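I opened the model to look up a few things and kept notes as I went. The entries follow in the order I made them.

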Amino acid sequence: MTVLEQPGSSRNTSDLPGPPPAWRPRVDPGPLLPDAEPYRLLGTDAAGRLDPGLLTRLYAQLVRGRRYNAQATALTRQGRLAVYPSSTGQEACQVAAALALEDRDWLFPSYRDTLAAVARGLDPVQALTLLRGDWHTGYDPQEHRIAPLCTPLATQLPHAVGLAHAARLKGDDVVALAVVGDGGTSEGDFHEALNFAAVWQTPVVFLVQNNGFAISVPLAKQTAAPSLAHKAVGYGMPGRLVDGNDAPALHEVLTEAVRRARGGGGPTLVEAVTYRIEAHTNADDATRYRTDSEVETWREHDPIALLEHELRDRDLLTEEFVRTTQEGAEELAAGLRDRMNADPELDPMDLFTHVFAEQTSQLREQAAQLRAELAAEAAGHPEHTEHGALAGEPAAAGRSAQETRP
Amino acid sequence: MTTTAPETARKPATMAQALTRALHDAMAADPSVHVMGEDVGTLGGVFRVTDGLAREFGEDRCSDTPLAEAGILGTAVGMAMYGLRPVVEMQFDAFAYPAFEQLISHVARMRNRTRGAVPMPLTMRVPYGGGIGGVEHHSDSSEAYYLATPGIQVVTPATVADAYGLLRAAIASDDPVVFLEPKRLYWSKDDWSPDAPTQVAPIGRAEIRRPGANATLITYGPSLPVCMEAAEAARAEGWDLEVVDLRSLMPFDDDTVCASVRRTGRAVIVHESNGFGGPGGEIAARITERCFHHLEAPVLRVAGFDIPYPPPMLERHHLPGVDRILDTVARLQWESDWTEGCGA
């Protein structure tokens, strides 16, 4: 038996002086540890204390979210979106994240989190601009306090930490909530963001949507940790494991984490256990890496069905409520469909407008070149402009940048 | 901001001291300026450029971060999103590489991707270049990596006055600036003094450091003093060389460079960065595109070799020196029968 197989050398006593106290960890890891099983409310005795208003609000948002996902997926098939990473099955995570925040707080979404932005009140057409492809961000992040949808995994997490840090330095009680997937927890930026947040005691909540797969790679190939929530302990912040399909449970944990952060208690890592019912995107084939029967076991743990159960028990799932909820969801889908079926208005000259605050001479030349090409195209001569591509400046500028003999 | 003192009170300062003064004045002028990085607080930075800032402005304004470059730049992005002006210190050129994803994927394109709604007024200070006897990973010329990314300004001072003036301009800029500090000039002095009038230098303008008639040496940062020395030595050969200090690699001052080359008809670009894929190739192409009929000879380059940065005991062979510059100037086809110069 070696010391690796049986830790406990601390029980040995020594007459010699030990390491000076500076080495000691500063916190007791016990309270930081997550529970062994995901935290749940629906179907438990504790569900009785849940506010009926919250339950119906969550339900309406889940139903809208499911319909939104279906509509966005349909728009992809019709060629109206370049790509759509669906959050079908993960609606509880999206909705709970949005509802846990106050207006003054910030949301830092990944590319799969358009529904969280929509649940927060963002216009779905603006939320889908990136995925439609007419620009990278379709909304003003400052106005909505929603950071741009982030495609490089986990890279938005340090932004959330920095923003919350800056807010605290300015004396504002703003909390940032950043969303990342199970795959994203393997990225260096995940580690660095959690470490900075814990060291600075920044008011941030990290929500890991563990949906089982990073495209095709299952969690077992992603981590050897006891759970993703356990990773928090290494940084000195609490980690909490929650049933991500139990909307009231996740809402409660996130709301509590936001409250704690706002009060100066520092960051929290929340792992929401959920499942990606659809493929990674419309370009993915999920049958290559998972079985239909596995998907079916998760359909039985559907976030909407779970909540319906509770609402039915309390006689809250009235015909009237179901009908108005469905109508609201259909209205959202119809509006989205109509507006997405119109071609967006594009101005190619926008390509040069926001690279810098003040355009460089090089960009002015290139903008002039494109303007000339567009003019030639409009005049029916798309083949070439008056001057070659290297000319830099078109005839319209009054002179050619192409060198002339002195 | 202008302060003056009697001539007798003027004491020359080093480039490092001018940078410290620039940070100090920027922090005093604007409470949204925050300095952050490894060892920048209590220690004052490994080159002491942030010396005294934490003491004067507090550790919230000049903060020691955890040792993680991506985390430093990534959190600075979030701080800039909330209206601060972070000034990030990367400890050495080669230690900035972990921050590349944040720089390329976020810093450089945040303004563009949000149609101007989220500007990135942050400055990333990077001590760069060789010549100080640094061991591996302490002497890289990393400017070409930054220049390959649209959306960031790349600035490098070569004089003490510019160290002050360009850093003030970088911090005041509403766009991100990679501010490259030539390590081997940290201890250099010229006629700038903290008591003398201090001026903000505009980003994007090159400066003619030495007028000349026969050929133009185009350079920046650590190679400027070498070029000035070479230009002096060239007089003995009968060459009157003009020296252009670019100061800003992006935006690039085509006008000053091309006006000079059109006057002299010959150009040599000098930098420590390796030649293949280095800034010199781009500059030579720009000159050729714009000044072809004024050129008496091909545009030549004196650059670092295309090798990983050498160990300190061999670096003098790698760095552009006066002799190599003069040898290159000699190849600028001075003879009337220009074909003689071709094989050189």
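**Entry 1: A:T202**

I started with A:T202 in this predicted model. The relative accessible area of A:T202 is 0%, so I logged this residue as buried, the cut-off being under 20%. I found A:T202 in the loop between α8 (188–200) and β3 (204–210) of chain A. Setting aside residues up to four places away in sequence, I listed what A:T202 touches: A:V161, A:A164, A:H165, A:F196, A:A197, A:G266 and A:P267.

**Entry 2: A:T129**

Next I asked whether A:T129 is buried or exposed. A:T129 has 7% relative accessibility and therefore counts as buried. I placed A:T129 in helix α5 (residues 129–132) of chain A. Without its neighbours within four places in sequence, A:T129 is in contact with A:D134, A:W135, A:T137 and A:G138. I also took a distance from A:T129 to A:L374: 24 Å from C-alpha to C-alpha, with the two positions 245 residues apart in sequence.

**Entry 3: chain A as a whole**

I then stepped back to chain A, which has 14 helices and seven strands. The C-alpha trace of chain A spans about 90 × 70 × 50 Å along its principal axes. Of the 406 residues in chain A, 49% are buried. I took the contacts in chain A between residues at least 6 apart in sequence, and 73% of these join residues at least 24 apart.

I checked the record too: UniProt, in an unreviewed entry, places "domain: Dehydrogenase E1 component" at residues 69–329 of chain A. Over residues 69–329 I read 43% helix and 12% strand, with the end C-alpha atoms 11 Å apart.

**Entry 4: salt bridges in chain A**

How many salt bridges does the rule count over all chains? The count comes to 36. I looked at two of them in chain A.

A:R66 forms a salt bridge with A:E91, and the closest N and O atoms are 2.7 Å apart. This pair links distant parts of the chain, since A:R66 lies in helix α1 (residues 52–77) and A:E91 in helix α2 (residues 91–99), 25 residues apart. I noted A:R66 as partly exposed, at a relative accessible area of 24%. A:E91, at 0% relative accessibility, counts as buried.

A:R67 and A:E330 also meet through their side chains in a salt bridge, at 2.9 Å from N to O. Here A:R67 is in helix α1 and A:E330 in helix α13 (residues 319–341) of chain A, 263 residues apart. A:E330 counts as partly exposed, with 38% relative accessibility.

**Entry 5: where chains A and B meet**

I turned to the interface, where 50 residues of chain A are in contact with 49 residues of chain B. The two chains bury about 4,100 Å² between them, and 61% of that is on carbon and sulfur atoms. The rule finds two salt bridges across this interface. I noted the bridge of B:R290 with A:E365, whose closest N and O atoms are 3.0 Å apart.

**Entry 6: the sheet in chain B**

I traced an open sheet of seven strands in chain B, in the order β2-β1-β3-β4-β6-β5-β10, with mixed pairing. The edge strands are β2 (62–64) and β10 (248–250), each pairing on one side only. Neighbouring strands of the sheet are turned by 20° against each other on average, direction ignored.

I followed β4 in more detail. Strand β3 (residues 85–89) and β4 (residues 123–128) pair in the parallel sense over three bridges. Along this pairing B:V87 stands opposite B:T123, and B:V88 stands opposite B:M124. β4 also pairs in the parallel sense with β6 (residues 177–182), over six bridges. There B:V126 stands opposite B:L180.

Why is β4(B) largely enclosed by the rest of the structure? Six of its six residues are buried. Both faces are covered, with B:T123, B:R125 and B:P127 buried on one side and B:M124, B:V126 and B:Y128 buried on the other.

**Entry 7: salt bridges in chain B**

Last, I looked at B:E282 and B:R286, whose side chains meet in a salt bridge at 2.8 Å, N to O. They are four residues apart in helix α10 (residues 279–291) of chain B, so about one helical turn separates them. B:E282 is partly exposed at 46% relative accessibility, whereas B:R286 is buried with a relative accessible area of 12%. I also noted one network, in which salt bridges that share partners join B:D162, B:E207, B:R209, B:D245 and B:R247.

How values were computed: Residues numbered from 1 in each chain as written. Chains lettered and ligands numbered in written order. Predicted model: local features only at pLDDT ≥ 70, side-chain atom pairs only at ≥ 80, totals over all residues. Heavy atoms only, no water. Pairing = 2+ DSSP bridges. Helix = DSSP H or I, 4+ residues; strand = E, 2+ residues; numbered from the N terminus. Axes fitted to C-alpha atoms, helices over the stretch in contact; angles between N-to-C directions. UniProt positions renumbered as here; feature names shortened; annotations may be inferred. Buried < 20%, exposed > 50% of the residue type's maximum accessible area, 1.4 Å probe, protein only. Contact = heavy atoms within 4.5 Å. Buried area = accessible area lost by both parts, 1.4 Å probe. Salt bridge = Lys/Arg side-chain N within 4 Å of Asp/Glu carboxyl O.
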